[in-house]
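Subject: Structure handover

Hello,

Here is the structure we talked about. Please open it before you read on.

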Amino acid sequence: AKTLGKSRTEMFHREMHRSAMTRLTLEADLRRAMVNGEFLLHYQPIVSLESLEVVGFEALVRWRRPDGSMVYPGDFIGIVEDTGLIVALGFWILREACMATRRWQREFPRETPLTISVNISPRQFAEPDLVAQVRRIIAETGIDPQTVRLEITESVTIGDADREVSMLSQLKDLGIRLSIDDFGTGYSSLSYLHRLPLDVLKIDRSFVSAMDKSAESFQIVNTIMNLARNLGMHVVAEGAEVAGQIEQLQSLGCDYGQGYFFSKPMDPADVVKLLKGPTHW
Ligand code: C2E
Ligand code: CA
Ligand code: CA
Ligand code: CA
């Protein structure tokens, strides 16, 4: 038993060593990726559930490694956060998304211009010059700030509530819109939500993807819808994959849907194709 115990310990140390190595390598790779421009954005359509028209897109970051393989944010965004690289990457993402959207808005003018939603991580939110940077990017890209939506998560909201309210108000003063992302998975109290100047509430995919099979999930979506309505917020349902979910969301009066039912996130060339053609889902 003793030898077994020892070899287990050794195995454990080897594992630790290996994962520390992997992490260090990954960290170095990510720093290089930033310098070499290996990041790119895909865009997922957000669709009006009333007209079934595309009203905008959410920008989602990807990493194409030099060997051509594509890495998804679930596998690197945590490290990018921990190392602080997210600050530089996040501003690059915002600029890139605004530039692309500005082009699409010019090329495909509409009564209501296309919107662009960009994720802001908690680490970015902690940056003292966030507001100044966002203002600069809006000015430099020439995008109408009313068409820009920053998505924050409820986890941002743990911490200094007064600072947060003040930051969000300053962002609102730039003319941009604010969305609360992954709603339902965090711990925001009602009164707290009420204090924040939010325009859009995004219902987390976990509820939407289960709503056609679980009465409880359907009820949660219904409750969140009513909450948003009472607070005067628009609602985007994330992660709808099948027609039944779309019909349920429509019956609840949900404004917008985003999910594989409509489209996976796409590269900019496919965005142009989508905006050119007649849309049929
Ligand atoms: P998120 O902000 O909640 O983004 C939605 C995620 O759900 C995306 O995954 C999208 O591809 C996926 N999704 C959308 N519809 C469906 C569906 O119908 N079914 C399924 N199974 N999935 C769906 P993605 O692109 O892998 O991003 C994962 C997360 O990584 C994002 O979750 C966000 O938290 C983070 N992330 C992505 N891009 C950025 C970014 O530019 N900046 C920051 N800070 N975080 C980002
Ligand atoms: Ca998001
Ligand atoms: Ca989300
Ligand atoms: Ca999510």
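Below are notes on ligand 1 first, then on the calcium ions. Please keep in mind that this is a predicted model.

Ligand 1

Start with the pocket. Ligand 1 sits in the largest one. Three elements each give two or more residues to the shell around ligand 1: strand 2 (54–64), helix 3 (85–107) and strand 6 (177–183). Strand 2 gives the most, with four residues.

The shell around ligand 1 counts 21 residues. Q44, R62, R205, E241 and Y260 are the closest. By class, nine residues of the shell are nonpolar, seven are charged and five are polar.

Three contacts are worth finding on screen:

- R62: an N or O atom of its side chain lies 2.8 Å from an oxygen atom of ligand 1.
- E58: an N or O atom of its side chain is 3.2 Å from an oxygen atom of ligand 1.
- V61: here the backbone takes part, with an N or O atom 3.2 Å from a nitrogen atom of ligand 1.

How much of ligand 1 does the protein bury? Ligand 1 exposes 800 Å² when taken alone, and the protein buries 81% of that.

The calcium ions

Take ligand 2 first. This calcium ion is coordinated by E58 (OE), N119 (OD1), E151 (OE) and D181 (OD). The distances run from 2.1 to 2.3 Å. Along the chain, the donors follow the spacing E-x60-N-x31-E-x29-D. Distant parts of the chain are linked here: E58 is in strand 2 and N119 is in strand 4 (residues 115–119), 61 residues apart. Note that E58 also appears in the contact list for ligand 1, through its side chain.

Next is ligand 3. The protein donors of this calcium ion are D181 (OD), D182 (OD) and E238, which is listed twice through OE. They lie 2.2 to 2.5 Å from the ion. The donor spacing is D-D-x55-E. Again, distant parts of the chain are linked: D182 in strand 6 and E238 in strand 8 (residues 234–238) are 56 residues apart.

Last is ligand 4. D182 is listed twice through OD as the protein donor of this calcium ion, at 2.9 to 3.1 Å.

The bridges

Which residue coordinates both ligand 2 and ligand 3? D181 does, and the two calcium ions are 3.8 Å apart. D182 bridges ligand 3 and ligand 4, which lie 3.6 Å apart. D182 is found in strand 6. Strand 6 is also one of the elements that give two or more residues to the shell around ligand 1.

To look at the bridges, centre the view on ligand 3. Its protein donors include both D181 and D182.

Best wishes

Terms used: Residues numbered from 1 in each chain as written. Chains lettered and ligands numbered in written order. Predicted model: local features only at pLDDT ≥ 70, side-chain atom pairs only at ≥ 80, totals over all residues. Heavy atoms only, no water. Near = heavy atom within 4 Å. Polar contact = N/O pair within 3.5 Å; in protein donor to acceptor, adjacent residues only side chain to side chain. Areas by Shrake-Rupley, 256 points an atom, 1.4 Å probe, with all protein chains shown as cover. 1 Å grid on protein atoms, 1.4 Å probe; cavity = no way out; pocket = protein on both sides within 12 Å on 5 of 7 lines; lining within 4 Å. Sits in = over half its atoms within 2 Å of the grid points. Nonpolar A, V, L, I, M, F, W, Y, C, P; charged D, E, K, R; others polar. Donors = N, O, S within 2.8 Å, 3.2 Å for Na, K, Ca; no water.
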